[in-house]
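Work through the exercises below with the sequence and the model open. Try each task before reading its solution.

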Amino acid sequence: MEPADQLAVVSLSRDLTAGYRWTSGRVELPNDGCYISRMRNGIGVSPGVAVGKAYCIHQIFVNPDTRRLEGQETTAELSKYENARDLTAADLQALQAKVKAQVGPEEASIFAVHESILRDPAFTDKVRRWIADEHQTAQAALHRLLNEYTSLFARTKDNYLRERVNDVRDVVVRISAHLSEVLLPESDLDVGPLIVVADELLPSQAVALGDIEVKAIVTQAGSQTSHAAIIARSRGIPAVSGVRGILRQVNNGDTLVVDGRSGKVVVRPNAETESAYRKLEREFFDLKDELVANRDSPALTGDGEAIELQANINNLADTRAAIAMGGSGVGLYRTEYLFLDHPSVPDEEEQLTTYCDIINAAPGKSVTIRTLDIGGDKTVPYLGHDHAEANPFMGWRSIRLSFEHPEFFHTQIRAILRAAGEVEDASVKLLFPMVTTLEEMNRLRSMVRRVCRHLDEENKTYRKVPIGMMLEVPAAAISIDSMLHVVDYISIGSNDLVQYLMAADRDNPKVSHLCQPLAPPVLRVLANVIRSCRRGQKPVTLCGEMAGQPRAFVVLLAMGLRSFSMSPAFIPSIKELASHVTDEDCKRILRKALSLRTTANVNRYLGEELQQIAPGLSILDTI
Ligand code: PEP
Ligand code: MG
């Protein structure tokens with residue numbers, strides 16, 4: 001039995017009147033009594049605590065009904081299948097219309113793709129045949145079909161095509177849900193807030209989650225940067241990933257406790273555990289409400305020094321969240337999300353419109369626009385991703401790819417500069433990802449100059465904007481002093497920088513113990529980069545996930561960083577935290593944190609500091 005599957009004994013006091021001890025938002029359970037709960041450990045990927053009813057998205061696949069149908073059952077099963085298919089088609093059409101109206105046509109187009117999969121005769125004829133001729137249940141036939149597609153897609157070398165199996169799975173899950181009369185999230189509005197339990201979150205489920213009240217997310221797969229984690233953080237809901245096999249232990253409607261700080265999930269907690277965590281959950285909500293109230297106040301340190309808290313966004317909806325959470329601008333707009341679902345390169349006018357919309361919606365019309373960061377884990381077929389790479393994160397990605405598609409690259413730069421000029425009072429910055437060498441940066445600058453020349457010749461309205469680089473490759477970090485001569489500002493991409501420094505894939509849960517932003521060598525590199533930028537008087541910001549993590553934020557502040565960009569949901573708590581940290585704290589923290597030799601020691605030390613500095617915020621701390 002894997003350790004994570006073992007039953008954990010939670011010892012609780014039977015004496016309710018004795019109550020629990022609360023130390024700054026953490027519950028301490030007295031060690032007598034012997035109620036047994038099933039406690040599972042995963043990775044806390046979005047802080048906070050939630051107690052609620054489980055909604056299992058993949059439950060239907062855990063045990064498909066594999067018995068052989070008898071007599072009349074076959075005909076009844078066929079008509080059940082057809083009915084589920086019709087309901088699925090109706091769902092997909094409704095979703096297309098709704099997402100198009102609420103989010104945009106690109107996001108909606110994925111449901112058109114799903115509808116064409118559903119209507120593909122190759123897809124549905126097989127299921128019908130297996131039910132009619134082989135007397136399988138519709139669920140079992142769908143399960144078999146999915147397995148067939150999964151091995152078929154796994155054989156292709158095209159990353160983009162390989163990932164499309166998720167779309168097939170999405171459609172199959174949707175039909176299955178109708179078959180088993182399990183409500184899908186988008187039709188679950190009347191069920192109340194739920195805790196979504198899934199193997200991983202599929203793209204359409206992610207969009208659909210926008211509609212229902214989700215209290216927390218638990219996934220079997222995933223890591224800090226998985227779909228589920230990103231969505232949870234952007235919506236400010238607790239989430240735990242990497243809880244292997246939890247779908248086998250949870251049924252729809254079971255009560256779950258999710259602690260997104262420690263990565264703990266309690267399945268069917270006893271009354272005492274439940275009530276202890278409900279109290280914590282209320283504290284979490286109250287705190288969040290209280291903190292959002294600070295959205296219009298300035299972000300200041302404990303000594304009154306101004307800091308900049310900006311938002312990372314992928315689309316227009318995130319931009320609205322940036323405003324709602326009190327961000328002072330958009331510090332990172334990941335433009336690749338505009339391209340991922342697009343059948344071909346969006347043309348200049350389409351890009352221009354999107355960028356103008358984002359700038360107009362952004363706080364202070366201030367947006368740092370990053371050029372396409374495709375490759376690694378994200379591919380698009382029309383930019384030449386027709387071969388699998390052995391090492392995609394170290395391969396042909398970001399500007400390395402853009403350089404080989406000058407026609408596309410020029411178009412994107414043109415659209416960005418034109419948007420900067422067309423929106424009145426816009427404050428736009430251009431940001432290039434994955435810059436490794438000085439030569440690359442020089443080449444980028446001369447490309448921008450050429451684009452400006454052409455725009456001048458064509459008499460187009462545009463604006464020259466500051467040009468910056470993402471500092472996410474160790475080579476660039478080592479040569480920071482030379483890099484500073486050729487950039488207007490630096491944006492530290494710690495997600496990638498950490499994975500490259502530690503040689504540990506940021507998406508692989510097996511090496512997540514190494515891919516740690518608080519690892520001593522990472523801290524040393526960050527301190528050095530920040531010091532160099534300050535000395536060279538070049539603006540520096542950090543836009544990786546660590547900016548929104550309280551322990552990491554405190555140590556970055558101590559290093560002298562004053563500009564941060566993060567998931568919008570983290571802005572209120574980080575603003576509050578910053579207001580408790582003084583210069584004196586910073587000096588002490590920097591000295592001590594840089595003297596510690598292990599990640600565990602740094603982590604423990606910063607956790608203790610947080611408890612001292614802002615005890616009321618520890619519920620938002622991830623462990
Ligand atoms: C980063 O690497 O830190 C970053 C912000 O970029 P992305 O997560 O898009 O790679
Ligand atoms: Mg990056």
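The exercises cover a metal site, a ligand pocket, and several strands and helices of this predicted model.

**Exercise 1. The metal site**

Find which residues coordinate the magnesium ion (ligand 2), and state whether Glu-472 and Asp-496 are buried or exposed.

Solution.
- Step 1. Start at the ion. Its donors come from Glu-472 (OE) and Asp-496 (OD), at 2.1 to 2.3 Å.
- Step 2. Place the two residues. Glu-472 sits in the loop between strand E15 (467–471) and helix H17 (474–478), while Asp-496 belongs to helix H19 (residues 494–501), so the pair ties together parts that are 24 residues apart in sequence.
- Step 3. Check burial. The cut-off for buried is under 20% relative accessible area. Glu-472 and Asp-496 are both buried.

**Exercise 2. The shell around ligand 1**

Determine which residues come nearest to ligand 1 and which element gives the largest share of its shell.

Solution.
- Step 1. Collect the neighbours. There are 13 residues around ligand 1, and Arg-334, Arg-370, Gly-493, Asn-495 and Arg-506 come nearest.
- Step 2. Sort them by class. Six are charged, four polar and three nonpolar.
- Step 3. Assign them to elements. Strand E12 (330–334) and H19 supply at least two residues each. H19 gives the largest share, with three residues.

**Exercise 3. Polar contacts of ligand 1**

List polar partners of ligand 1's oxygen atoms, and follow Arg-506 to its contact with Asp-496.

Solution.
- Step 1. Look at the backbone. A polar backbone atom of Asn-495 is 2.7 Å from an oxygen atom of ligand 1.
- Step 2. Turn to side chains. Asp-496 has a polar side-chain atom 3.0 Å from a ligand 1 oxygen. For Arg-506, an N or O atom of the side chain is 2.8 Å from an oxygen atom of ligand 1.
- Step 3. Gauge the cover. On its own, ligand 1 has 280 Å² of accessible area, and the protein covers 98% of this.
- Step 4. Link the side chains. Arg-506 and Asp-496 share a polar contact of 2.9 Å. Asp-496 also coordinates the magnesium ion.
- Step 5. Locate Arg-506. The residue lies in the loop between H19 and helix H20 (520–535). Its C-alpha atom is 9.1 Å from that of Gln-516, ten residues apart along the chain.

**Exercise 4. Antiparallel strands**

Name the strands that pair with E10, and find the residue with positive phi in the hairpin.

Solution.
- Step 1. Take strand E3 (residues 38–41). Four bridges join E3 to strand E10 (residues 264–267), and the two run antiparallel. Arg-38 has Val-267 as its bridge partner.
- Step 2. Take strand E9 (residues 255–259). E9 also pairs with E10 in the antiparallel sense, over four bridges. Here Val-258 is partnered by Val-265.
- Step 3. Inspect the turn. Four residues lie between E9 and E10, and Gly-263 takes a positive phi near 80 degrees.

**Exercise 5. Enclosed elements**

Explain why strand E7 counts as largely enclosed, then examine helix H21.

Solution.
- Step 1. Count buried residues in E7 (residues 214–219). Six of the six are buried, so the strand is largely enclosed by the rest of the structure.
- Step 2. Find its partners. Strand E6 (residues 194–198) runs parallel to E7 over five bridges. E7 also pairs with strand E8 (residues 239–241) in the parallel sense, over two bridges. Ile-217 stands opposite Ala-239 there.
- Step 3. Move to H21 (residues 550–558). Nine of its nine residues are buried, including Phe-553 and Arg-551. Just after H21, Gly-560 has a positive phi of about 100 degrees.

Terms used
Residues numbered from 1 in each chain as written. Chains lettered and ligands numbered in written order. Predicted model: local features only at pLDDT ≥ 70, side-chain atom pairs only at ≥ 80, totals over all residues. Heavy atoms only, no water. Pairing = 2+ DSSP bridges. Donors = N, O, S within 2.8 Å, 3.2 Å for Na, K, Ca; no water. Buried < 20%, exposed > 50% of the residue type's maximum accessible area, 1.4 Å probe, protein only. Near = heavy atom within 4 Å. Polar contact = N/O pair within 3.5 Å; in protein donor to acceptor, adjacent residues only side chain to side chain. Areas by Shrake-Rupley, 256 points an atom, 1.4 Å probe, with all protein chains shown as cover. Nonpolar A, V, L, I, M, F, W, Y, C, P; charged D, E, K, R; others polar.
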